[in-house]
Amino acid sequence: MNAVTPAWVRVRLRTAPGAAAALALLVALTACLAAAFPRALDRYENAGLAQAVERATPPRTTLTVYAQMPQGPDRQREQALLPSTMGRQHTKVLGTIPRPLVADPGQSSYGVVNGTDLPVPDRWIPRPSGLPAKIRLVAPSGLTEHSSLRAGRMPRASGRVTASTPDVEAAVSAATAKSLHIEVGSVIHVPAVSGPALAVRVTGIVTPREPDGAYWSTAPLLRTPALVQVPSDEPEPPMYWLGALLLPSEAAPALLGTVGTPLRYWQVAPETRALQAHDLEGLKGAVANLKSGPGLVQVRAATDPATQVDTDLDDILISYGRLSSGITPLVAVAAFGSATVAAVVLLMAGGLAADRRRFELTLLRARGASLPGLAGRLLAETAVVAVPAGALGLGAALLAVPEGRPGYAVLAAVAVTAVACAALPVRAVVAHRAVRVHGPREDTVSVRPSQRRTVAELTLLVIAAGAVEALRRYGVSGSSEEAGASGGSGDQLVFLAPVLVGVIAALLLVRLYPLPLRWLMRPAGRLRGAVGHLSLARAGRTSVPAMLPLLALLTALTTAAFGGSVLAGVAGARDQAALLAVGAEARVEGTEALPAGLSDRVRRTPGVRELAEVSTDYLAKAGTDLTRVPLAGVDPASYASLATSTGLGAFPERQLRRPADGPRDPLPALASPSIAEMFGKQPFNVMLGDGTDVTVRIVTVRDRTPAVIGTSFLVVDRAGLSRETARTNTLLLTGGHPDAGALRRTVGESASVHLRSEERAQYVDSPLQSGAERVYAVAVAAGAGYAVLALLLALLRTAPERAALLARLRTMGLTRAQGRRLLVLESLPQALLAAAGGALTGWATVLLLSPGIDLTAIALPSTTVVTGGNALRTDPLSLALPAAAVLLLTVGIAVSQAWWTGRKGSVRELRAGDAR
């Protein structure tokens, strides 16, 4: 770097403003995508963790610290329950919460509660089964701040309250007052340890300000009474009401005089918005620390030596961790693929720029330019454009995705900018190490690969084979126990498996590319006209550096095909799970026989194409041991058509028809594997729900069937059943999109309606799953976009040369039509190779990697039971569309250039000595 460099940069930017603008756009777009990815991933993961905690509800997520009453004189015990003591301890408890776990002081609380629910003798409180109601006395903190007064006034403590205080005031929630018939002024008598009962006068009825918040929902009894069943063998177990009376915190010592054992409690509600998914291990460690570690020691020091901490938050975090561990590796595969494609395109842009300027750089080296000086000038020239573009892309990413950690976004943008800055200087230094005036020919057909290149390609082949084998054997997560590794670089190599397959295929195609050109040259030379022979000769004269677009195209197309197959697999898994849950496009099912004529009305509903009537008996018992098995009576013709159209256990209609010989012959039955294994192929008796029986014999075994949801069933011809059992109680509908509203209006209250589309809509269970889908959608779009970009860069690189060729050939009599054919045929070999190779490589990638990829975690809720998994499958559209787009774009650009060149003059192109 010297003083000449600024002048050099200014001249270069003025000479090629278009190239500088294209580089800036490429860097800005790539930096924006790279910086937005980690922040978007943080947002999806944090939203998924917050949703998991919120869905678990406060009774499970709140950390409840509780302690028995301390031993000692009554005065000391009463003092321990006063707000001054409890509040001071509450502050210390909040201070012991270790990071990254954060407490929500607004929803955290403390107080005193009866450990035993107390039956009250007041007969005006409802007694559903004749049992007296029970009351739980609670003296919570912050009652006034967390509730609104509906009637009366807030309870107060008059003077000093002790264990012998005869009466106190209390408030109740509006729901408790309604269910227990409590009014303002009501007096409830709570049994005391000795002497008369404690009289609790209700002075106010309150409504929670945040009924779903941790203050009211950690112990739902505070706001909602419960109707409790007493364990009993009776058909209708006895029940009693259980409600809470809310005392002022100053009246807590009164609980010492009741027969219920008082407990002190401190409730610590976690701040949901402060939970960060990247701190998941720290959060689990913090909860474990409080439950049975040094944190518990600190809590006991602040409260009582016998204090215990109870919460299910650790189980929730572990459950979320399982979901995340199933989705994150799949997202990493998409991220590594897109990052590799972007890096290849950036390197390709630098390589093409160096190839375009090879005569200029050769001349500079011949005139005495040193390699460090040349590299410094090229670096400064590129950095002036790339650094501001990278900063602009980073700023756009930070604005577009305001959530997430900024550090990783900055690192990603810096990495993109660094690659963009270094691509041109490094390529130039490698290509111009030696000073020479005339370089050797670098035609694709004539140049033979060097030994170094062969060794490098073989090394890459071994690495790719290892990555593919690791993914197939251990799965996409790369379990350290199974793989014998601890993750890290090993897992990253597995994530790169799809990209490595594409790179290996690209290198193989680059080696094979000259062969068809050599084979076609001789037949083309015998054809009339020079266009065919000239186009093949031009395609063979493509320089080796110009083959970089093929590498970029194949890598991008492989990434797009893999991502598209993942998205199609997710959609297919949800469709199949919804079909298994419903049995058809729609299911109309009643507890009793359906009304007469309903089948005909449903058949006329918009969107219904076919209908199968089913008589389902869930009370049927098979065999001598009367094993409960669901039995479906069907019409063989319509049901066989339904099973074929849905793909659930298709069978020939004739196999299920009732024998024509007579009713004494066993009914043919279609059975599940479990039932078939239990009864074999011998006839056996089935007791039906109406008391009749029928003899059946299993002739067909299928894993699933539309009529019965589950994996245990019998299906027979209902013509062989009793009249009562054969009555229709289920309708299975097929069609495009049955109208849900019209269908429910037609059915009315006579039966329930379940639609496959509605069932499928419930399968996006977490923002982490929807976020992973969006990441793959962006990866597919990015792969296709970078493929188009690589093609455009390659064609624009050779555009001046092709324009000069057309201009010179037109002086020799070449027509415009021949010029168009020449450009199209010249560009087709690489485009055909990239399109066919991309489709074939995408298919091979999915085929090779599908055994190690299960889409269940990203496709279905964690509560859905799946048998057999959801393996990755090839999506034809994801293979065909990008390949067809490459071909169409190549032909379109060639035709457009020929048309544009023919419209303008050829003086500039015909100037001798002008560098192209």
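## Thr605, strand β8 and the largest cavity

Thr605 counts as buried because its relative accessibility is 5%; buried means under 20% relative accessible area, exposed over 50%, and partly exposed in between, with a 1.4 Å probe and protein chains only. The model is predicted: local features need pLDDT of at least 70, side-chain atom pairs count only at pLDDT 80 or more, and totals for chains, interfaces and linings use all residues. Residues are numbered from 1 along each chain as its sequence is written, and side-chain values use heavy atoms, with hydrogens and water left out.

**Thr605.** This residue sits in the loop between α21 (598-603) and β14 (610-617). Helices (H or I, at least four residues) and strands (E, at least two) are DSSP runs, numbered from the N terminus. The Thr605 side chain reaches the backbone oxygen of Arg601 at 3.3 Å. Leaving aside residues up to four places away in sequence, Thr605 touches Asp739, Ala742, Leu743 and Thr746. Contact here means heavy atoms within 4.5 Å.

**Strand β8.** This strand spans residues 198-208, and 8 of its 11 residues are buried. Its pairings are tabulated below; two strands pair if DSSP finds at least two bridges between them.

| Partner of β8 | Sense and bridges | A bridge pair |
|---|---|---|
| β5 (residues 147-152) | antiparallel, 5 bridges | Gly152 with Gly204 |
| β6 (residues 167-173) | parallel, 7 bridges | Ala170 with Val202 |
| β7 (residues 187-190) | antiparallel, 4 bridges | His189 with Ala199 |

**Cavities.** The structure holds 7 cavities of 30 Å³ or more. A cavity is a set of points, on a 1 Å grid over the protein atoms alone, where a 1.4 Å probe fits but cannot get out; lining residues have an atom within 4 Å of a point. Grid points are joined across faces, edges and corners, and a volume is the space filled by probe spheres set on the points.

The largest cavity has about 70 Å³ of space. Its lining includes Val333, Pro498, Phe562 and Tyr776. Two or more lining residues come from each of α10 (313-356), α17 (497-512), α20 (548-582) and α26 (767-797). Helix α10 gives the most, with 4 residues. By class, the lining has 7 nonpolar, 4 polar and no charged residues. Ala, Val, Leu, Ile, Met, Phe, Trp, Tyr, Cys and Pro count as nonpolar, Asp, Glu, Lys and Arg as charged, and the others, Gly among them, as polar.

How values were computed: On a 1 Å grid over the protein atoms alone, a cavity is a set of points where a 1.4 Å probe fits but cannot get out, and a pocket is an open set with protein on both sides within 12 Å along at least five of seven lines; lining residues have an atom within 4 Å of a point. A polar contact is a pair of N or O atoms within 3.5 Å; within protein, one must be able to donate a hydrogen and the other to accept it, and residues adjacent in sequence count only if both atoms are side-chain atoms.
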